[in-house]
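Hi,

Here is the structure I said I would pass on. Have a look at it first, and my notes follow underneath.

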Amino acid sequence: MSAKFAPHGRRTAPRFGREDTERAHSVCDDRSMPRFGFVYNPTNDLAQETWDEAAGWCATHGVESWGLPAEDQASIKSELPGTDLLISMGGDGTFLRAAAAVAGSDIPLLGINLGKVGFLARAEAFQLDQTLSALVVGAWKRQPRMALRAVIERLGGGREELSALNDVVIARGRLPRVLRLDVAVGESHLATYIADGVVLSSPTGSTGYSFSAGGPVLDPSSRNIIVTPIAAYLATLRSVVVAPSQGVTCTLVQGDDAVVSVDGWVDQVIGVGDRVTVTESQEPIQFIELPGLAPFWDLVRQKVELLPR
């Protein structure tokens with residue numbers, strides 16, 4: 001659904017500190033945000049309620065807005081032209097779908113967390129009013145996040161390109177059988193893993209599947225590719241961090257029903273002899289950073305405390 005509202009009206013000042021707001025203004029030249037896009041998790045009642053609240057706020061403050069379920073990628077992309085920024089309402093899965101929609105564009109993205117942990121979101125639902133107020137007056141700055149480019153090359157011919165914000169995972173499918181994967185970094189053979197799979201992660205994705213598989217957490221502003229095997233048998237190299245100038249290639253040597261999973265929601269089946277090469281994307285995803293929010297490492301500590309033990 002899409003809603004259009006009256007031209008710009010009076011704007012409400014954000015409830016951030018004056019010093020933070022002035023500092024943020026200096027790094028965001030465009031202080032007028034006439035069109036906001038929202039994507040939300042349609043299975044989450046709170047997300048629908050939050051979108052309704054946001055639409056009402058935009059109408060009251062003279063901001064044009066539109067909102068769509070995160071799964072409706074085609075409709076979201078059709079609404080993006082003329083949109084100044086995109087706001088995700090849900091958990092990390094909703095955010096990753098929003099990131100897929102803006103990939104290749106310069107439209108910045110902000111997550112409002114309605115999930116359980118939400119490492120990707122930088123605002124919480126109770127901060128909706130002050131977040132929208134800050135966005136309208138330009139009290140924010142961009143933070144480019146490294147994205148990944150994955151190329152699948154089929155043994156029998158054929159080539160597919162995919163983009164990811166968090167990670168590209170080569171893993172076993174429905175059958176409970178391990179895979180044999182040759183992994184190379186650039187021209188160098190790194191290892192042959194007998195494992196459930198391998199996670200190739202960006203720094204932003206280092207708090208996701210890679211972290212669960214034993215990989216390190218990286219500062220999201222860094223530029224690296226993390227290679228982490230999943231439940232590897234007798235592996236001595238548990239996780240390595242690769243420079244962005246190096247591509248990582250995984251070749252399926254043995255295994256049935258293997259899949260390439262991109263950001264946990266786009267899956268492609270691969271066969272023996274197929275290879276997947278992951279490199280740094282030349283088009284980063286633009287995150288919105290608001291003033292006065294907790295630094296990343298404080299956020300990590302807070303989120304980790306929410307994880308089940």
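Let me start in the middle of things, with a pair of strands: Asp182 has Thr192 in β12 as its bridge partner. That pair belongs to an antiparallel match between β11 and strand β12 (residues 188-195), which runs over 7 bridges. The two strands make a hairpin with 2 residues between them, and Gly186 in the turn has a positive phi of about 60°. Before I go on, keep in mind that this is a predicted model.

β11 has another partner too. Strand β16 (residues 248-254) is joined to β11 by 6 bridges, again antiparallel, and Leu181 sits opposite Leu252 of β16. As for burial, 5 of the 7 residues of β11 are buried, so the rest of the structure largely encloses this strand.

Just ahead of β11 there is a loop worth a click. Arg174 is in the loop between β10 (167-172) and β11 (179-185), and at 75% relative accessibility Arg174 counts as exposed. Exposed here is anything over 50%. Arg174 is 82 residues away from Asp256 in sequence, but their C-alpha atoms are 9.2 Å apart in space.

On the other side of β10 the picture changes. Asn166 lies in the loop between β9 (159-164) and β10, and with a relative accessible area of 9% Asn166 is buried. What does Asn166 touch, if you leave aside its neighbours within four places in sequence? The contacts are Leu96, Leu120, Leu148, Leu200, Ser201, Ser202, Thr204, Gly205 and Asp263.

Zooming out for a moment: the chain has 309 residues, and buried ones make up 51% of them. Its secondary structure comes to 7 helices and 20 strands. Among contacts with a separation of 6 or more, 69% are between residues 24 or more positions apart.

Now the helices. α2 covers residues 45-60, which makes 16 residues, and reaches 23 Å from first C-alpha to last, close to the 22 Å expected at 1.5 Å a residue. Its buried residues are Ala47, Thr50, Trp51, Ala54, Ala55, Trp57 and Cys58. Looking down the axis of α2, these buried residues fall within an arc of 160°, so they line one face of the helix. The face turned away from that buried side carries the exposed residues Asp45 and Thr60. What covers the buried residues of α2? The cover includes β2 (35-40), β3 (64-69), β4 (85-90) and α5 (128-137).

Both ends of α2 have something to show. At its start, a side-chain oxygen of Asn44 comes to within 2.8 Å of the backbone nitrogen of Leu46. Just after the helix, Gly62 has a positive phi of about 70°.

α5, one of the elements covering α2, is itself mostly hidden: 9 of its 10 residues are buried, so the rest of the structure largely encloses the helix. The buried ones are Leu128, Gln130, Thr131, Leu132, Ser133, Ala134, Leu135, Val136 and Val137. Gly138 follows α5, with a positive phi near 80°.

Next, a sheet. There is an open one of 6 strands, paired antiparallel in the order β15-β14-β13-β10-β17-β18. At the edges stand β15 (240-242) and β18 (266-270), each with a single partner strand, so one side of each has no neighbour in the sheet. On average, and ignoring direction, neighbouring strands of this sheet are turned by 20° against each other. At the β15 edge, 3 bridges join that strand to β14 (residues 225-230), running antiparallel, and Val227 stands opposite Val240 in β15.

Finally, two backbone angles I'd flag for you. Most residues other than glycine have a negative phi. Ala231, though not a glycine, has a positive phi of about 50°. Leu234 also takes a positive value, with phi near 55°. Where do these residues sit? Ala231 is in the loop between β14 and β15, and Leu234 lies in the loop between β14 and β15 as well. Ala231 is exposed, at 57% relative accessible area, and Leu234 is exposed at 69%.

That's what I have for now.

Cheers

Terms used. Residues numbered from 1 in each chain as written. Heavy atoms only, no water. Helix = DSSP H or I, 4+ residues; strand = E, 2+ residues; numbered from the N terminus. Expected span 1.5 Å × (residues − 1). Buried < 20%, exposed > 50% of the residue type's maximum accessible area, 1.4 Å probe, protein only. Arc of directions from axis to C-beta. Contact = heavy atoms within 4.5 Å. Polar contact = N/O pair within 3.5 Å; in protein donor to acceptor, adjacent residues only side chain to side chain. Pairing = 2+ DSSP bridges. Axes fitted to C-alpha atoms, helices over the stretch in contact; angles between N-to-C directions.
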